[in-house]
Every structure is written in structure tokens, then in C-alpha cells.
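Subject: Structure for your review

Dear colleague,

Please find below the structure I promised to pass on to you. I should be grateful if you would read the notes beneath it alongside the coordinates.

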Amino acid sequence: MLLHLRRHAPQRSCHRGNNAIPAAQARTITPYPDPFPDLAPGGELPEDYGNPGPNPPKHRRAGVILHPTSLPGKYGIGEIGQEAVKFVDWLAATGMQLWQMLPLVPPDSFWSPYSGLDALCGNPLLIPLDELAELGLLEKGELPAPQPVESQADFKAVHKEKTPLLEKAAGRLLSDPQHKELKEKMVAFRRDNPWVEPSALFSVLTEQPAMQEKAWWDWEAQYRDADPATMEAFKEEHAGRIDTFIAIQFFFDHFWQQVKGYANSLGVKVVGDMPIYVGGHSADVWANRHLFELAADGKPELVSGVPPDAFSATGQLWGSPLYDWKGQLDVGVVLRSELDCGRLAYKEPPYCNQMDDYRRQAHQEDGYQWWVQRFKRTLTMYDETRVDHFRGFAGYWAIDAEAETAMDGKWLKGPGLELFEALEAALGDVPILAEDLGVITKDVHQLRIGIGAPGMVVLQFAWGGGPTNTHLTHNHYENCFCYPGTHDNQTAVGWWKRGATPYERNLIRRYMGLTSDDIAWGFIQESMKSVARTAVVAMQDIMRLDDSARMNTPGKAEGNWSWRVGDSSVWEGLQKESEQLRKLIEIYDRLAPARETPQPEAPAAAGAAAGGETAGADGEIPAAQPVSAGWYKEETEAAGIAGEGREQEEVAEAAGFGAAAADKGA
């Protein structure tokens, strides 16, 4: 799980006479320490020798994917306040140890969190309004009228209504003496996070009438190129707007750290998501032009995407500028070295050196500090993080910025192990999950294994290619995350109805022993029993929803990301599913050991605002209670299960789902 760089000895061949055993089949005897070095063969072993005790724990885990925007909430969108706390309570009561989400960055104009406006900032729309009111930064009468929770969020309407309120709260924090203590925390946040300064400056620049509708590379030169004198004058003139931006980012960080801390106190870790690429029209690129494949005027020259795949016949054109891994030629070094060889590099190919020897790789030159800063920020927001498109660190698809599709690109080599060595040197262990789906070549596998990062397997991808398909359960490996489907897939029910072929449905019935059409929970059980250390399921599959609840359709720009789980009563409505999941989690050894810790407190403002039947008399939200360690034995005896050969459908009945539940998802 943690990033540990590993070195592997080369494969060897074993010879017997003239017959060589291929390296892949060769075996070598590995010495091991003798546990009884003082005993000769035939000596009497200790009395307890025949009682080795239980097998050591494997620390298996389970979790749920649910983006915070999908949470309940009365203001048109999920927020990182009381509703997030209630979801954490549901996770802990269910036995889940992970809450996985999509990137928390400010989304682009299509509301995609994977093309964010800033890789280090938080999404202001997630800031909880009720909690701002509890802090005295908004008045109750200023809050919007509560809205019925729709199945889809209207991000544009939320942005229009919420942004003025956030700015009003920021103004009060900055100017009202009664908020002195909170303001001191904001000052500390600003001091400890210097990345927020260029982010704020860029954001305020984009507000100017002459720059609002333009990409930054089309701005006037002094702004495009961040002329120092121009920038100093601009910062002085617009200091108030810059301060407001930073105050709003502080709000996000303040409330998010409360939610994350509460989750951790209940034994729930937060798994975030970090896209490998950043948006072109962003502070990340504008302030770090030397790190990207840009023309002299700042326009992208090569952009990101993937070649044609199962999602799109023309590939996926993401459009983010690519990193400049090859670097720029150092003219002075080239001339000195090549003249010494009697040749001039720019007139003839170099004779005695490779041209790459003269490249100054900006990422490498400063020890990959931009990446160190990015991962450092990520690890303050999450306990672990998924790295989207991990394969791009080994080899990436480069597309001309003028291309209309991703079909005509070329594969280029990524930075490989060196980047992760720099991260480990600067940050120590970096707990990442490598998203290694799509076109995965040998070098990608080697890089993932080399840094010790878990990969991914997805059950929806398992049913083609024969019995060696990596995603089939019998081919899973321990150091991975197993998913029925990800945010990019159809829901299990939607796929079963409209995506799976008759051949695939028949194969699934035979392979999984599925005796009904309850594919959502069939896939959930299959993921739970996988050898994968971590199993993560989508909330849509827990609820047995069809494709109307799909989060994202790759290759489609509009109409994504907006699904919402329902209103505040949803967790009570999912009590039965919670109990069924907990039984599965314990059957398959994914329940965390009982924690002997004091009862955690909900975040102060959220707890005060929550009230209701989930809170105690003092406003605290009770901790989840662990199931008795004897549950498995009692439950299996009651069900008459004897031995490990129990059929899948019988275990399903013991866990409380099966044919009777199929009607809900069929």
C-alpha cells in the first residue's frame, strides 16, 4: 500500500546437464532462519509446538465510492458538513473502513473534477452554509430557502446562489473583530500553504473584464507572462479580492479537516483522487509554464488523451497540456561539447553524444518540487489517494493540440521510477493507489510493482478474453483494489440490462453461481470475497440503481457528475442494506478489529446543526458499535453452513440477499 521502492534481482535459468529450465519455471531454494538453532535433528520440540495459533491478520478492508456532491443537502448540492458526518456514521456502522471520492478540486465549466481549475484548491461549492451560519459568518435569514433534493444537481444554479454568500462570509471573517480567533487560523493557513497565493492571483486575474472569456495564453503579454512589476501592481490594487479568495479556501480546508478527522476517529480512512494532468487554463500551468509542452506564447502544443478504446472508437481527447519530461536543450552545453567533437549539433546529428544528454529537464532539475508540493497537499486532504491514469508515468499518449480526435497520437516515455524516488526522499511513504486500467503495458506493471502501489481490478471488465482475464476473481492479487465498477462505468444494474451480452450474462451465472438477476449484490459479494486486500463498491450499486444514476460517461462532455443519493432520510432507508453489507464484510474478513477508543465527537458546527434522531442529548453523534466477534460462528451454525465448500447462493441467503432481492434491481 505504501510507496516503497523495490529492487528485483534478474531472472536466472537453472541448468541440469545440457537441459536448461526456462527462467520462468526455474526454482531456487531460499534459506530461512532456523527457529530452533540449538536443536539437532531428532531433538524434542517445545510443548506448544503443535499449537501455532490463529493465522496472522491480513488487514482486509471494504469501502464505498461516493463523491461529496452526491450527498444529501437542502441547498442543491452535497456539502462537507452535517450530511457528510451522517454518511460517515453510516459507513462506520456498516463496517466500512474507507470512503473513496473523486477529486475535491474546483471543477471546470462542464463540472468535471478531473479537469479542475486548480490542482491544489478545494471546491467552494462544497462549503456548508449552515455551518457558516453557526460560526456567525452568515445570518439565518441570508440562507437560501431549503430545496427538495432532486436526483441530479444543478451546479450552475448552485454556483450562482452560493458564491455571493461565500464572499459575504469571507468579508465578515476578514473585517469583523468578533472572528479574531478564526481569522488567526486563516492567517496560519495562508502562511503554511504558499501555493494559495498564485492560485488567488490567477483567479482574480480571470475576473477582469478583458480576460474573463479568454484562455490565459490569449491575455495581454504582461499578464500572460506574469511580468513582475505588473503583478505587484495588480496584487496591490486587488488585495481585497485576493484575500477573499484565500478566506474561501480556508473555509473549505477548515470544514474538510473536521470531516476527515471525524471519519478517522471512527476508523474510516479517506481515499482521494489525483488526476495525473491539470487543466490548461489553470494557475498550475500559468505559474509553471516551464514544466509543460507549451509554445512560446503559452498555447499547448501537445495535449493528453488515450487512443481508441472500449469507451470510444475515436479515443478520448482530454485536452490537458502534457508535461515537458524531455526538457529544453541547453545551447551552451551543446555547443561546447559538440565543438569539442568537431561537429555542430544544430547542423549535423551529434557524433559523440546523444542529444538527450544536453536537455535540462525542469521537473528533474529542482528535484520534482512541483510534484512534491502537489502530493504533500494531497496527503493533507486524504489518507490515501488514487492516481488517475497512473500509466502516464511510464508511457503516455501525446496528441497534437490542433487535432479533433485522439486517434492520431504517439506514445512517449514518462519519467518512471525517478519521480517516485524524489517523492519518497521528500515525503517518506506516499500511500497511493495506481489506476492501471486501459492499455496497460509491461512497463506500467513494473513501475507499479517497483513502488509497491496497489492496482485496480474491475468486475465489469472480467467477462471477455478467456480465463486469463486479469479482472476475473481467480486472477486477482492481494495488493489491489477490487471494484464491481468505477465512476466511469455503468451501474451494475444498468450494465446487466443494456451493456452485458447474452454470452456475458450466461458466463456470470455459471462463474458466480448467480441464481437471480440481482447483479448489483452479486458483484458486491464477488468483490468482497476477492483475494484483493481492498474491496470498494459504488453507492449506486448498494442501492441497486440503473444508469439514471451513472456518474460519468467517458467521451461525453455534458450531463455528467450530477447524480445525488437522495434526502437526509436515505441512510435510515438503507439500514437493511447496511446490515447485509456488514455480514458480508465479516464473512470475508474485511471488518476492522474492535477499537477501544473514546467516543468521537462530530465536528462542532456540524454537530450543533445536525440535531435529529441521530444525535444524543448533548448533540454528539454516537460511535458505531462493533459486531460481536462470535457473530460468524453463530450465524453460520444457524444457517447450517458446514465447511468452505458452501455454494454462493447459500452464503447469499445467509447474508440476507439473493433471489428475493432481485426484483429491486431487475
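The notes below cover helices, salt bridges and a surface patch in turn.

Please bear in mind that this is a predicted model.

Helix packing

Helix α17, which spans residues 519–529, is largely enclosed by the rest of the structure, because 10 of its 11 residues are buried. Those buried residues include Trp521, Phe523, Ile524 and Met528. Gln525 and Glu526 are buried in α17 as well.

Helix α5 (residues 196–207) packs against helix α8 (residues 239–265) at an angle of about 125°, and their axes are 9 Å apart. This angle makes α5 oblique to α8. The crossing of α5 past α8 is right-handed.

Salt bridges

Side chains of opposite charge can pair when their charged atoms come close. The count for this model comes to 26 salt bridges, and several deserve comment.

Helix α8 also takes part in a salt bridge, between the side chains of Arg190 and Asp243, with an N to O distance of 2.8 Å. Arg190 belongs to helix α4 (residues 180–192) and Asp243 to helix α8, so the pair ties together parts that are 53 residues apart in sequence. Both partners are partly exposed: Arg190 has a relative accessible area of 24%, and Asp243 has one of 25%.

A second pair, Asp225 and Arg289, meets in a salt bridge at 2.6 Å, N to O. Here, too, distant parts of the chain are linked: Asp225 sits in the loop between α6 (221–224) and α7 (228–237), whereas Arg289 is in the loop between α9 (283–286) and β6 (302–306), 64 residues apart. Asp225 is partly exposed, with a relative accessible area of 38%, and Arg289 counts as partly exposed at 23%.

Within helix α7, Lys235 forms a salt bridge with Glu232, and their closest N and O atoms are 3.1 Å apart. The two residues are three apart in α7, so about one helical turn separates them. Lys235 is partly exposed at 32% relative accessible area, and Glu232 is partly exposed at 48%. Elsewhere, Glu142, Lys168 and Arg172 are joined into one network by salt bridges that share partners.

Surface patch

Leu39, Leu45 and Tyr49 make a nonpolar surface patch of about 270 Å². Of these residues, Tyr49 is placed in the loop between β2 (19–21) and β3 (61–65).

With kind regards

Methods. Residues are numbered from 1 along each chain as its sequence is written. This is a predicted model: local features need pLDDT of at least 70, side-chain atom pairs count only at pLDDT 80 or more; totals for chains, interfaces and linings use all residues. Side-chain values use heavy atoms; hydrogens and water are left out. Buried means under 20% relative accessible area, exposed over 50%, partly exposed in between (1.4 Å probe, protein chains only). Helices (H or I, at least four residues) and strands (E, at least two) are DSSP runs, numbered from the N terminus. Patches are made of residues with over 30% relative accessible area and no salt bridge: like charges are joined within 9 Å, nonpolar side chains (Val, Leu, Ile, Met, Phe, Trp, Tyr) within 5 Å. Accessible areas come from the Shrake-Rupley method with a 1.4 Å probe; for residues, only the protein chains shown count as cover. A salt bridge is a side-chain nitrogen of Lys or Arg within 4 Å of a carboxyl oxygen of Asp or Glu. Axes are lines fitted to C-alpha atoms, for helices over the stretch in contact, and angles run from 0 to 180 degrees between N-to-C directions. Angles under 35 degrees count as roughly parallel, over 145 as roughly antiparallel, 65 to 115 as roughly perpendicular and the rest as oblique. A crossing is left-handed if the near helix is turned anticlockwise from the far one by less than a right angle, and right-handed if clockwise.
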